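Here is the note you asked for, written as numbered points to be read beside the structure. Please keep the display open and find each element as it is named.

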Amino acid sequence: MSMIALKVNGSSHTVDVDPATPLLYILRNDLGLQGPRFGCGLGQCGACTVIINGAAVRSCITPVSGVRTEVTTLEGISSNGKLHPLQQAWIDEQVPQCGFCQNGQIMTAKAMLDKNPHPTDAQIRETMNATLCRCFSHFRIQTAIKRVVAKGIA
Amino acid sequence: MNTTSGIPQQIEDVLITHRRGFLRNAGLFAVSIAAYTTAGSSNADAQAAGPYPVPDFHQIDSWIVIHENNTATFYVGKTDPGQGTGTAFRQLMSDELDIAFDKTACIMGSTDITVDQVGAGGSSAIERDSLPMRRVAAEARRVLLGMASATLAAPVDQLAVSDAVISVKADPTKRVTYGELIGGKKFNIALTGTNVNAISGQAKIKTIPELKYAGQSLQRDDIPAKVDGSLKWAVDVKLPGMVHVRNVKPPYACAKLTGIDESPVKNLPGFIKVMNKGNYVAVVCEREEQAVNAARALKTTWEKPATAPFPSAEDLFDYMRTAATAGPSRPTATGDPDGAFAGAAKTIEAEYQIPFQGHTSFAGAHALADPSNGQMTIYSNDMKTYGMRRGIATFLGMPADRVRVVYMQGPQGFGRTAAEDAAAEAGWIAQELGRPVRM
């Protein structure tokens, strides 16, 4: 165990854990966040995705000791009670069914749009391809992303 | 979110507490129900002992509560894993009760506060299981009209109802709200019907043209909390003193456990215990990642069964063709298929082989079991919470009224989303250790 400093959604935290502990367990069990989810625990499904340094990162296989910059979770992309345009588009398009994967869908889409605000359909599909959904919400995900792209507010 | 939003987190934190207090005061149960808190509460001591009742589906009060602020909460025995049935129940019941949709909430599938409608299954929620809810809501409206008739000194047929306000048609300034009539109090009206699907009052349900919310494509009430990170899922429940468990599974089906070597795990940080009964093995640790690591590190040895319990993949279809059928041996034929084939100009024959299909959830099965006060509370996303309650009680040797299952959201399999194995395992370990267990 050792003391690890973390900055998450603008707040600083110190946790006393094994440095090899995957970031996901710290976020969920120590910091009480409910956005990032444990899906497969193997970095294969994407349910645990967070954004670090602008990149969509699978927190279930990211050792906490390797995190050098601020972590942003689903809870951190809304501001002052106002939803991020992607979150609003997810509601407008009624994207989720069970919703367990949607943290990963939204965070992966956000990392994409932050780098490329006007992706093509092919680029959207390629980026979202590895974030799995058991309920087959993929078509609505694509529609919701395109809604945000069309408004140009990502 | 406010008390009318119907989102699950709010349900867990506020409405269930309110509900139990209401039912106790209403005297619906022969037993007394102690003060109650649930997941998310910091006051674990308030979760006092007391049997967990089975709500009586013959009482309006088990289905509908009208609050003093003229809002309503509906309690139904279904679970909504994400198809939007909870929102649909609100639409249908709001229509029958004559109350604005956004003044209602719906609580589903928690065994001691909602009537037993089995949970989800068979895609029957709207077609079959919404009917008793509609009839109960219509009956509640009828009873409220009768109360208003006395209060406003006007016959029922001279009264109008709109958005939970009853007024005199000839003089709309004479009005009374549902909340004023019965807010915080019980209906105490018995329904008839020998089972939950047959339950009915005297009132008739509305005809289709009279429905206002049904037929509209309203936004689902569970989605906002699923996209802003505020939803507390079954796997998010945390309780004081909770430990984490991971199973250690055998490498083959029907393997027999022949040995456990605890030496690789007994000095690991946070390690508490190896649990073993028959062929079941699990590790218990203080933290989740410690349990994950300990489950990987524990050494177990297994004996392969002498004969394989299942056919090999290449023999699967031969096995299926020769296996005894458990159901009807052939489909029912109407008409004369043999004659039709004999007279056909051309017959096309083909053979299809389809493997067994199973439903698998998006993420691992999980449950949290709380053994406080000699009782057992299971937090689960299992679609069929009522059956789970009975199963857990039998499995753990506990009276059914000492076990409850709180339904919460989880990763779905859509079709038999069943997490009862995880719940039984968590329940057994919680019983053995006397601490809350997250499996």
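**Notes on the two chains**

1. In chain B, the strands β8(B) and β11(B), the latter covering residues 299-303, run antiparallel and are joined by five bridges. Within this pairing, I260(B) has T300(B) of β11(B) as its bridge partner. Strand β8(B) covers residues 256-261 and is hardly covered by its surroundings, since the count of buried residues among its six residues is zero. As you follow these details, please keep in mind that this is a predicted model.

2. It helps to set this pair within the whole of chain B, which contains 10 helices and 15 strands. Of its 439 residues, 42% count as buried. Where contacts in chain B have a separation of 6 or more, 73% of them are between residues 24 or more positions apart.

3. One of the sheets in chain B is an open sheet of three strands, in the order β4-β5-β6, and its pairing is antiparallel. Its edge strands are β4(B), residues 159-162, and β6(B), residues 171-177, each of which pairs on one side only. From one strand to the next, the twist averages 30 degrees. Four bridges hold the antiparallel pairing of β4(B) with β5(B), which spans residues 165-168, and in this pairing V161(B) stands opposite I166(B) of β5(B).

4. What lies across these three strands of chain B? The element is helix α3(B), residues 125-152, which lies across β4, β5 and β6 of chain B and runs at about 130 degrees to β4(B). When you look at the strands beneath a helix, it is useful to remember that in a regular strand the side chains alternate between the two faces of the sheet.

5. Chain B also has an open sheet of seven strands, in the order β9-β10-β7-β15-β12-β13-β14, with mixed pairing. The edges are taken by β9(B), residues 271-277, and β14(B), residues 403-407, and because each has a single partner strand, one side of each is left without a neighbour in the sheet. At the β9(B) edge, six bridges join that strand to β10(B), residues 280-285, in an antiparallel arrangement, and N276(B) is found opposite V281(B) of β10(B). Helix α9(B), residues 385-396, packs on this sheet, where it touches β13(B), residues 376-380, and also β14(B), and its direction makes about 145 degrees with that of β14(B).

6. Turning to chain A, the secondary structure comes to five helices and five strands, and, read along the sequence, these follow the pattern β-β-α-β-β-β-α-α-α-α. Of the 154 residues in chain A, buried residues make up 52%, and residues 24 or more positions apart account for 60% of the contacts in this chain with a separation of 6 or more.

7. How does the radius of gyration of chain A agree with that of a compact globule, and why is the comparison made at 154 residues? A compact globule with the 154 residues of chain A would have a radius of gyration near 15 Å, and chain A has 15 Å, so the two values agree. Along its principal axes, the C-alpha trace of chain A spans about 45 × 30 × 25 Å.

8. The domain assignment of chain A gives domain 1, residues 2-76, and domain 2, residues 85-151. Taken over C-alpha atoms, the centres of these two domains of chain A are separated by 21 Å, and 15 residues of domain 1 are in contact with 14 residues of domain 2. On the side of domain 1 that touches domain 2, the elements giving two or more residues are β3(A), residues 49-52, and β4(A), residues 55-58, with β3(A) giving the most, namely three residues. The residues on this side of domain 1 divide into nine nonpolar, five polar and one charged.

9. Finally, please look at where the chains meet, for 32 residues of chain A are in contact with 26 residues of chain B. On the side of chain A that touches chain B, at least two residues each are supplied by α1(A), residues 23-30, α2(A), residues 85-92, and α3(A), residues 102-115. Helix α2(A) gives the most to this side, with three residues. The residues on this side of chain A divide into 17 nonpolar, 12 polar and three charged.

Conventions: Residues are numbered from 1 along each chain as its sequence is written. Chains are lettered from A and ligands numbered from 1 in the order in which they are written. This is a predicted model: local features need pLDDT of at least 70, side-chain atom pairs count only at pLDDT 80 or more; totals for chains, interfaces and linings use all residues. Domain bounds come from an automatic or database domain assignment. Two residues are in contact if their C-beta atoms, placed from the backbone, lie within 7 Å. Ala, Val, Leu, Ile, Met, Phe, Trp, Tyr, Cys and Pro count as nonpolar, Asp, Glu, Lys and Arg as charged, and the others, Gly among them, as polar. A residue is buried if 20 or more other C-beta atoms lie within 10 Å of its own, exposed if 12 or fewer, and partly exposed in between; C-beta atoms are placed from the backbone. Two strands pair if DSSP finds at least two bridges between them. Axes are lines fitted to C-alpha atoms, for helices over the stretch in contact, and angles run from 0 to 180 degrees between N-to-C directions. The radius of gyration is taken over C-alpha atoms; the globule rule is 2.2 Å times the number of residues to the power 0.38.
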